[in-house]
Amino acid sequence: MLLLDQFRDFMILVLLAAAVVSGIIGEPADTIAIIVIVVLNAIIGFVQEYRAEKAMAALKRMAAPVSVVLRNNRPENIPAYEIVPGDIVLLEAGNMVPADMRLIEAVQLKIEEAALTGESLPVKKTPDTLPSEDIPLGDRKNMAYRGTIVTYGRGRGIVVATGMKTELGKIATMLQEEDEVKTPLQKRLQSFGQRLAIAVLAICAVVFFLGLFRGEEPMTMLLTAISLAVAAIPEALPAVVTISLALGARKLVRQNALVRKLPAVETLGSVTYICSDKTGTLTLNRMTVEEVWADGKIDTGPSMFGMLYTALALSNDAEEDASGNLLGDPTETALYDFARKKGFQKQDLARMYPRIGEIPFDSERKCMTTIHAWKESSDKGGEGPPFISFTKGAVDVLVEKADSLQTPRGIQALDRTGLLKASDEMASRGLRVLCIAMREWDSLPEDISPETVERGLVILGLVGMMDPPRQEAAEAVKLCRTAGIIPVMITGDHPLTARVIAKRIGITEDGERNIITGQELERLSLEAFEDQVQRIRVYARVAPEQKLKIVKALQDRGQFVAMTGDGVNDAPALKRADIGIAMGITGTDVAKEAAHMILLDDNFATIVKAVREGRRIFDNIRKFIRYTMASNSGEIWTIFLAPFLGLPIPLLPIHILWINLVTDGLPGLALTAEPAERNIMKRPPRDPEESIFAHGLGVQIVWVGFLMGVVSIFTQAWAIKAGDPNWQTMVFTVLCLSQMGNVLAIRSERESLFRQGLRSNLPLLGAFILTFLLQMATIYLPFLNPIFKTKPLTLWELSVTLAMSSVVFFAVETEKLIRRLRDKKTG
């Protein structure tokens, strides 16, 4: 059907019909040649659209939700479309139910079924058998249905229906198949193409009647007019946009950005604000020890900190798996990893200080203690106490439980004020501060409790931790600012920590007062918030629900907003944002479903790369339109102007169709591979309402097309006046190669081709060489001469032809030079 669709265009059918009639009453060879060219054109169109469909299908498969299924009694992550009846699926909050299933376990499980039943409140589920079979859909409490959302709790169920056999599938079968949603650019181009088609048909009618008036053959003029309409009407523009966007989306996947909705690729270049989560996106989502304090000094080596590092290694429950990965609480793994890097291995120390007891952490005490036998004391002939305990917790708590401080000079009296001051200084740098203490025991108390063990402690030191910024985040933020994009941090973390991270990566500068807390945001009305939203760069202690308020305020101020999110509560903001970005690693199914794009690596720098790629894709679509429309208008001007100047029709129908075949196909598509312009991230974002023909594109199409026509007509007039019998072959070649010169020149809007170099876009270079060789073949291969009505050109004729063909190239290069000089003058 995709192949047959290539022949559904009305003008193609008219051309084929006219060619058949012409063959019956005239020369069959012309008819065969026209049909062959039309079929070749259709094949190229088919291949391009097939590639685009394959790329889109691959993107859809990658964007499919992933579910946790029990296979061989082990949980496995598999794409939802691979689930089969009989599978046991595990559900938890944030999941989208992948199939209809009978629940066999439900722990506080609530599912929102509004998509299916219209019921806005989540339904509490149960695995219990229901009293009757004939129960309405909304009351089937032991069933979970495909497309509904788990909002609370967890559960598991046996799949009973998948795909079109689910309740959601039954509804889908009752609906007519919905067409693929077109992007805004496709809609605008389709509308423009329809208006242009009317104008082209009017011009073709004028050409037809002018030819008849000059005494040309009616059938020749009919074929010429129809061929011109087929070549000049840009019916393929929306399809080319699809191809460009689909191939661009496929490239974005390689950069860890998975596009779920095609319009997002087009609109990425319009982003003015990127509102990003802090944890995991701007930071590593991995707690790291940044600073260690003991006796007034910051980390001066193992001799000073030996017992402190021993405590870090032993007084936690983190473990290392066979692959070297750390398992456990983020704080504990950070302490374990830091001690390991300092040479204090937990496994070695555990043999020296085996754990014999512990008092677990609880939120009221804000500390935890581990108790160890001290084998080293027996190795030293009984010197030293046989037991030691390590306690870690909040500084303000442990400072009340301690009375001394470990120093290189021995145990000294504790200066509580000095310790608290050191802790406050570390906290002011955005660090989360833990206090580490110990106590030596000759004998353990009979009652191992906080009251008996966590007193009389000796402070070993303080440890400052932070989830550090990603290395690439600062560079990405800097690139944002250069590109006219304002990066904003949104976090549930403490304002102090948020400010430190924002400053380190460049979101805020020294002295800027542009941070607001969720509490302050809650008190502001939307109108009051809108008055100051454009100066705020950091939102701290913000609830996910408040993201929607931020998006609305920025949009009301005319901003184009990209918003990141990973939780169920983020979904409304992601849906409302111009570009909703879900986290691929930590994101819930609900967030991914609401988003336009998924970050496969949860990295802020990937968003900036995607914006850059979005700008490149849109630039290349503009270049394709500029090239195609200028080429089409060149063909129209050439045919249209000749009769007014008393010249014969310069091109035959087969010439027009051939030029359309060899210049529109490969060279045009090769433009989609054009690398990004050097200044692509040094210019402001594009207005999403801006016309595709803005910034002089429409004017350039007109004058370049007109110049092509004038050059072709001049070549015709000169050759006829000189009595050259090969004038038609020369015009045919000049028009074809002028378009090739144009495609080389428009690779950049400002930069010269001589600076870019021919090898910076190898597909285009290959297309150029192939088109040139094919054009030469129509002139110099004897068996093609009668088909194309061409004659071999002499060296002089070919030299003139090549010289005239280069006029357009040098004209466009001159225009770019003038632009560069103007830019330089204006700074």
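## A walk through a predicted protein chain

The secondary structure of this protein chain adds up to 32 helices and 26 strands. Keep in mind as you look around that this is a predicted model.

Let's start with the overall shape. Along the principal axes, the C-alpha atoms fill a box of roughly 120 × 75 × 55 Å. How does the radius of gyration of the protein chain stand against that of a compact globule of 827 residues? The globule would have a value near 28 Å, but the chain has 36 Å.

Now for what is hidden and what is on show. Of the 827 residues, 52% count as buried. The accessible surface comes to about 37,700 Å², and carbon and sulfur atoms own 57% of that area. As for charges, the chain has 92 positive and 96 negative ones, and the mean positions of the two sets lie 5 Å apart.

The chain also brings distant parts of its sequence together. If you take the contacts with a separation of 6 or more, 70% of them join residues 24 or more positions apart.

Next, pick out helix α30, which covers residues 762-780. Its 19 residues reach 27 Å from the first C-alpha to the last, close to the 27 Å expected at 1.5 Å a residue. Which residues of α30 are buried? Among them are L764, L765, A767 and T771, and further along you'll find Q775, M776, A777, T778 and I779. And what do these buried residues pack against? Their partners are α25 (653-664), α26 (666-670), α28 (727-745), α31 (785-788) and α32 (795-826).

Finally, here are two single residues to find in the structure.

| Residue | Element | Relative accessible area |
|---|---|---|
| D589 | helix α23 (residues 589-594) | 9% |
| W293 | strand β10 (residues 288-294) | 10% |

Is D589 buried or exposed? With a relative accessible area of 9%, D589 is buried, because the cut-off for buried is under 20%. Leaving out residues up to four places away in sequence, D589 touches P65, V66, G94, N95 and M96. Compare that with L641: it sits 52 residues from D589 along the chain, yet their C-alpha atoms are separated by 60 Å.

W293 is buried too, because its relative accessible area of 10% falls under that 20% limit. How far apart are W293 and G464 in space? They are 171 residues apart in sequence, but C-alpha to C-alpha the distance is 8.2 Å.

Methods
Residues are numbered from 1 along each chain as its sequence is written. This is a predicted model: local features need pLDDT of at least 70, side-chain atom pairs count only at pLDDT 80 or more; totals for chains, interfaces and linings use all residues. Side-chain values use heavy atoms; hydrogens and water are left out. Helices (H or I, at least four residues) and strands (E, at least two) are DSSP runs, numbered from the N terminus. The radius of gyration is taken over C-alpha atoms; the globule rule is 2.2 Å times the number of residues to the power 0.38. Buried means under 20% relative accessible area, exposed over 50%, partly exposed in between (1.4 Å probe, protein chains only). Contact means heavy atoms within 4.5 Å. Accessible areas come from the Shrake-Rupley method with a 1.4 Å probe; for residues, only the protein chains shown count as cover. Lys and Arg count as positive and Asp and Glu as negative; His and the chain ends are not counted. The place of a charge is taken as NZ of Lys, CZ of Arg, CG of Asp or CD of Glu. The expected span of a helix is 1.5 Å times one less than its number of residues.
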